[in-house]
Structures are given as structure tokens and as C-alpha cells.
Amino acid sequence: MVTRKSSDPLTSQPSGTSSRRRVAPSSTHKRTSSAVEYFPKQLSLPSLKAAAADCKACDLWKKGTQTVFGEGQRKATILFVGEQPGNEEDLTGQPFVGPAGKLFDNALEEAGIDRKQTYVTNVVKHFKWEPRGKRRIHKKPNAVEIKACRPWLEAEIAVIKPQVVVALGATAAQALLGAQFRVTKQRGQFLESTLAPYVMATVHPSSILRAPDDETRRLEYREFVNDLKKLSKV
Ligand code: URA
Ligand code: SF4
């Protein structure tokens, strides 16, 4: 359990912005912009998850069925961060359980990592989508939504204190390592960070599913497994 001091940002960030506690919104400020305003007094995974269920810090709560908080071990040494829940995650309330999650499970297993010993979460905790026929198509979260939701991720990291934070895909990598970060150039490298002793970025499992042909998909999957294998040494 981590006790929050209002003067302490939970973690420092590469962008230089800190998640300072904001004053309670007055009647003239109906819209809030940071999840910090919904924080519980004591920070533990169960209390954070319960508080996040009521978060309305950005407009995405109106679109999604429910908040999809992170899931896994409190004592995890590896914390994975995806972009945002997808269709199945939105319906079940759990991260990475849809097609990308299944590919992720297989890749972890091949890399010799037990997902149950890790912690898996997302930069943004509500599903952002737009209708296409009967389907709900994933839409990228914008900078305002990412900033509003970031305190939940920082709190998860502060409670778990993982050895390594792994960004899955460009959205997570850029949210954690700055807008200049390029997954294509620096994937699979252990980078020093203020978030955890190390941060590593790799591709998003969905990008492997979207590969144009089987051969490319097979190669990209192998590279993904190779990146994950490096984690079994931490
Ligand atoms: N994609 C993500 O980034 N996160 C999930 O939880 C599922 C799919
Ligand atoms: Fe709150 Fe994040 Fe959901 Fe926005 S996306 S309402 S900040 S939990």
C-alpha cells in the first residue's frame, strides 16, 4: 500500500509534466481533466480499481461499457502497458482477452513468461470506438485522453514497483518515453527510466495480426517473442 503525499508526484515523467493533485472542481468547473481527482485515499490495487470504475476524467467513460483496469500480480517484476481496451476487453472488463490478448498469451508462453506472474494494463482505460456497420471499430486515444488517464497508470506502477515496464506499441511507448520515441528504431532495448529501473518497448500484438500476409506475420511474431525472451532475464 502506498500512501500518497499531495506534494509528491507519483513518478516523474519524461515530458516534465507532473501529476499534481488538483483542487476539487467548483461548480464553475464542471469538466475535470485528470484521473487524480478520483483517487482513493490509500493507494492499493483493489482501491484503485474500485475508484477507477467511477472515473469520468475524460469523455471516454460515456462510450465504453466499463473501466478496464489493469490485472495481475501486486509483486510483478514485469508490467506490460497496451494502448486501450478493445471490444472484448470492454465487454469483459479485463485487459488483453480478445484476439490481440490471445496472441500475446501465446507469445509469452513461448518466451517462457507466465502471464499470471506479470501485471497487464493499458495507457487509457476505456474503449474508444466508432461504429462501422454493426461493429465497433477501435479509435486511437488522443493526447487529452492519454493525459487525463495517465495517473491511473502511474499509480499502478507506484504500487507494483516493477523492475521493467514494457510498452506494447507506439501509443504506449510514446506516452511513456516521449513523442519522439520510435518503436521501429528502439524496440527490444532496455532503456533507463524514471518510471522503473528499465523500460522496454516492442510492437503491439494487434500489429502482428494486421500483417499483410502469413510470412510477414510469422516473422513479426518471432521478433515479438525474441523481445519478450529478453524479459525472462530481469
Ligand atoms: N489492445 C490493447 O492495447 N489493450 C487491450 O487490453 C486489448 C487490445
Ligand atoms: Fe477516466 Fe481513463 Fe476512462 Fe477517461 S479513459 S474516463 S480518464 S478511466
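Which residues of the largest nonpolar core touch the most other members? In this predicted model, they are Val81, Val165, Val166, Ala167 and Leu176, out of 55 residues in that core. Helix H4, which spans residues 143-160, supplies the largest share of the core, eight residues.

Val81 shows how parts of the chain that lie apart in sequence meet here. Leaving aside residues up to four places away in sequence, Val81 touches Val165, Val166, Ala167 and Leu176, along with Thr121, Asn122, Val123, Leu153, Leu168 and Ala172. Four of these contacts, Val165, Val166, Ala167 and Leu176, are also named among the core members that touch the most others.

Helix H4 appears again at ligand 2, where it gives three residues to the surrounding shell, the most of any contributor. That shell holds 15 residues, and the closest are Cys55, Ala57, Cys58, His126 and Cys149. By class, 10 of the shell residues are nonpolar, two are polar and three are charged.

The surroundings of ligand 1 can be described in the same terms. Its shell has 13 residues, with Gly82, Glu83, Gly86, Pro95 and Phe96 coming nearest. Here the division is four nonpolar, seven polar and two charged residues.

The last feature is a hairpin. Strand S6 (residues 129-132) and strand S7 (residues 135-138) run antiparallel and are joined by four bridges. Within this pairing, Glu130 of the hairpin stands opposite Ile137 in S7. Two residues lie between the strands, and Gly133 takes a positive phi near 60 degrees.

Conventions
Residues are numbered from 1 along each chain as its sequence is written. Chains are lettered from A and ligands numbered from 1 in the order in which they are written. This is a predicted model: local features need pLDDT of at least 70, side-chain atom pairs count only at pLDDT 80 or more; totals for chains, interfaces and linings use all residues. A residue is near a molecule or strand if its C-beta atom, placed from the backbone, lies within 6 Å of it. Ala, Val, Leu, Ile, Met, Phe, Trp, Tyr, Cys and Pro count as nonpolar, Asp, Glu, Lys and Arg as charged, and the others, Gly among them, as polar. Two strands pair if DSSP finds at least two bridges between them. A nonpolar core is a set of buried Ala, Val, Leu, Ile, Met, Phe, Trp, Tyr and Cys residues joined through C-beta atoms within 7 Å. A residue is buried if 20 or more other C-beta atoms lie within 10 Å of its own, exposed if 12 or fewer, and partly exposed in between; C-beta atoms are placed from the backbone. Two residues are in contact if their C-beta atoms, placed from the backbone, lie within 7 Å.
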